[in-house]
Amino acid sequence: MERAELSAWLRLTLTRGVGTGTARRLLAAFGLPQAVFEAPTAALQQLATPAQVAALRGAPEGLPALLEATWAWLHGRDATGAGRRFVTLGDAGYPQSLLAIEDPPLALYLLGRVDFKQDTTEAQAEPGLYAINFEAAALARAQARGIAIVGTRNPTPQGAQNARAFGRYFAEAGMSVVSGLALGIDAAAHEGALDGARGDGCATIAVLGTGLDRVYPARHRALAHRIAEQGLLLSEYPLGTPPLAANFPRRNRLIAGLSLGTLVVEAAQPSGSLITARLAVEQGKEVFAIPGSIHAPQSRGCHALIRQGAKLVESAQDVLEELRLPVAGAAPAPPAGEAPPLHADLLEALGYDPVGLDALVARTGIAAATLQAQLLELELEGHVTRLPGGLFQRMALG
C-alpha cells in the first residue's frame, strides 16, 4: 500500500462522528477513501449528516503522527521477525466472514509469522490467493477452521486446564483457536493451541482491544511473541490505542466472527464471554459450553447458556462432530486420564467439587494426618489442586 493510500484510510477511520456504517456507504458510492475526500459537498450530503460532512472536510487531529507511526511500524521488524500488514475492506485478503457481521471494521492491523504454503489445488479453489500477503492468506485460511475459546479471567484450576487441553486438541486437529489474549481462559487456550501447533497453519489468532504496538495485560508479552511466531495478532484499533474498557466488549464481535463456533469454558454472570456467545448466536454461529460444579460461580454462565440452547460439551470431539469437521489425526479428545491405583479411593471420595479436609475425614474415615500426606502426593502428581480456604479439588487430566 502506498503512503498516500494509507493516509486516506487512516484519515477515514479517525474522522470524528463517521462510523463504519456511514464510511461503508461512502466507500460504496465513491470507491477508495481518496475519492470520498475529493467528492463534492453536495454528493456527500446525500449520504452523511451535515456534521459528518463538515468533519470529512477537515484533517483529523493526530493524523500526521499516526501516519508516521503506522508507516514505520509496517516497514519495521521485531525480534520475532513477524510480518506486519494493514488490511482494508478493499483488500482481497480481508476476512470474508467479517464482511457478514453487523459492523465490520474498515481496516485490520495484522502481526504474524505464518508459513502459508499453497499448492495448485488451493490456488484453483481460491483464485487470486497468490496476490495477497501471506498473513492475510493465512488469516483467510484459518477462519475457515476457526474455533473461539473464551471464558473468565479468574478460572478454577480445572477450567484453565480444560481450556489448555481443548486448545491443544483443536490445534492438533488443524484448527485455529481464536481468543482475546486476556488473563485466565483466553491465555490458557492460546497456550494450548501453541503447544499443539502442527507447523502447517495458523495455530491461534489473538484479537486485541488495543493497538498492536501494545500488549495488554503486560504480563502476556512473552505469550504475544509466541503467537506472532506461530499465529496471528489482530486488531481494528490504531497503533497507540491504550486498553480502554469500552474496546474489549466491542472486539468480541471479531472473535465470534472469525470462528465457526464459540466454546465457553467457564463464565460468571454477567461476563464478556457471554457477550461473545450472544454475538455468535446473532451471527448464526454455534455456541458450546462446558458444564461445571453447581457450587462454582465460574460455572453459572455456562449453565445459563446450556439452558438457553448451547451445546453441552464433554470433549473436544463433541465440538468437531457438531461442526461436521474431520477429527482424523488429532490426539485423543480431552478430558482424559484415569485415576492412578495409588489413593484411587481417596480420589473417588473427593469427587469433582471443592471439599475441605474435615469433610474428607467424614467421608473416608481416614485420619487427618494421613489424608494430608495422601493429598500432597496426589497434588504433586497433578491429580489434585489446593484452593484458597483450605479446600482441595480433583483434576480431570487432559
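**Close-up 1. Arg-25, a partly exposed residue of helix H2 in a predicted model.** In this predicted model, Arg-25 has a relative accessibility of 43% and therefore counts as partly exposed, a class that lies between buried, under 20%, and exposed, over 50%. The residue is found in helix H2, which covers residues 20-30, and its side chain is joined to that of Thr-22 by a polar contact of 3.1 Å. Ala-48 is 23 residues away from Arg-25 along the chain, yet the C-alpha atoms of the two are separated by 8.8 Å.

**Close-up 2. Helix H19 and its buried face.** Helix H19 is made of 13 residues, 368-380, and from its first C-alpha to its last it reaches 18 Å, which is close to the 18 Å expected at 1.5 Å a residue. Its buried residues are Leu-371, Gln-374, Leu-375 and Leu-378; seen down the helix axis, they fall within an arc of 105 degrees, so they line one face of H19. An α-helix has 3.6 residues a turn, so residues three or four places apart point the same way. The face turned away from the buried side carries the exposed residues Ala-369 and Leu-380.

**Close-up 3. The surroundings of helix H19.** The buried residues of H19 are covered by elements that include helix H17 (344-350) and helix H18 (357-364), together with strand E11 (384-387) and strand E12 (391-394). Just after H19, Gly-382 takes a positive phi of about 90 degrees.

**Close-up 4. The largest nonpolar core.** This core has 40 residues, of which Leu-10, Phe-86, Leu-181, Leu-212 and Leu-233 touch the most other members. Among the elements that each supply at least two of its residues are helix H1 (3-14), H2, helix H6 (63-74), strand E2 (107-112) and helix H12 (221-230). When residues up to four places away in sequence are not counted, Leu-181 touches residues including His-190, Leu-208, Tyr-216, Pro-217, Leu-223 and Ile-227. A second, separate core of 29 residues includes Val-87, Val-178, Leu-234 and Ala-280.

**Close-up 5. Two stretches of low confidence, residues 114-134 and residues 328-341.** The protein averages a pLDDT of 86, and 87% of the residues score at least 70. Over residues 114-134, however, pLDDT stays under 50, although the model has 29 contacts for this stretch beyond four places in sequence. Over residues 328-341 the pLDDT is likewise below 50, and this stretch has 32 contacts in the model beyond near neighbours in sequence. Where pLDDT is low, the predicted coordinates should not be read in detail.

Conventions
Residues are numbered from 1 along each chain as its sequence is written. This is a predicted model: local features need pLDDT of at least 70, side-chain atom pairs count only at pLDDT 80 or more; totals for chains, interfaces and linings use all residues. Side-chain values use heavy atoms; hydrogens and water are left out. Helices (H or I, at least four residues) and strands (E, at least two) are DSSP runs, numbered from the N terminus. Buried means under 20% relative accessible area, exposed over 50%, partly exposed in between (1.4 Å probe, protein chains only). A polar contact is a pair of N or O atoms within 3.5 Å; within protein, one must be able to donate a hydrogen and the other to accept it, and residues adjacent in sequence count only if both atoms are side-chain atoms. The expected span of a helix is 1.5 Å times one less than its number of residues. The arc is that of the directions from the helix axis to the C-beta atoms. Contact means heavy atoms within 4.5 Å. A nonpolar core is a set of buried Ala, Val, Leu, Ile, Met, Phe, Trp, Tyr and Cys residues joined through side-chain atoms within 4.5 Å. pLDDT is the predictor's confidence in each residue, from 0 to 100.
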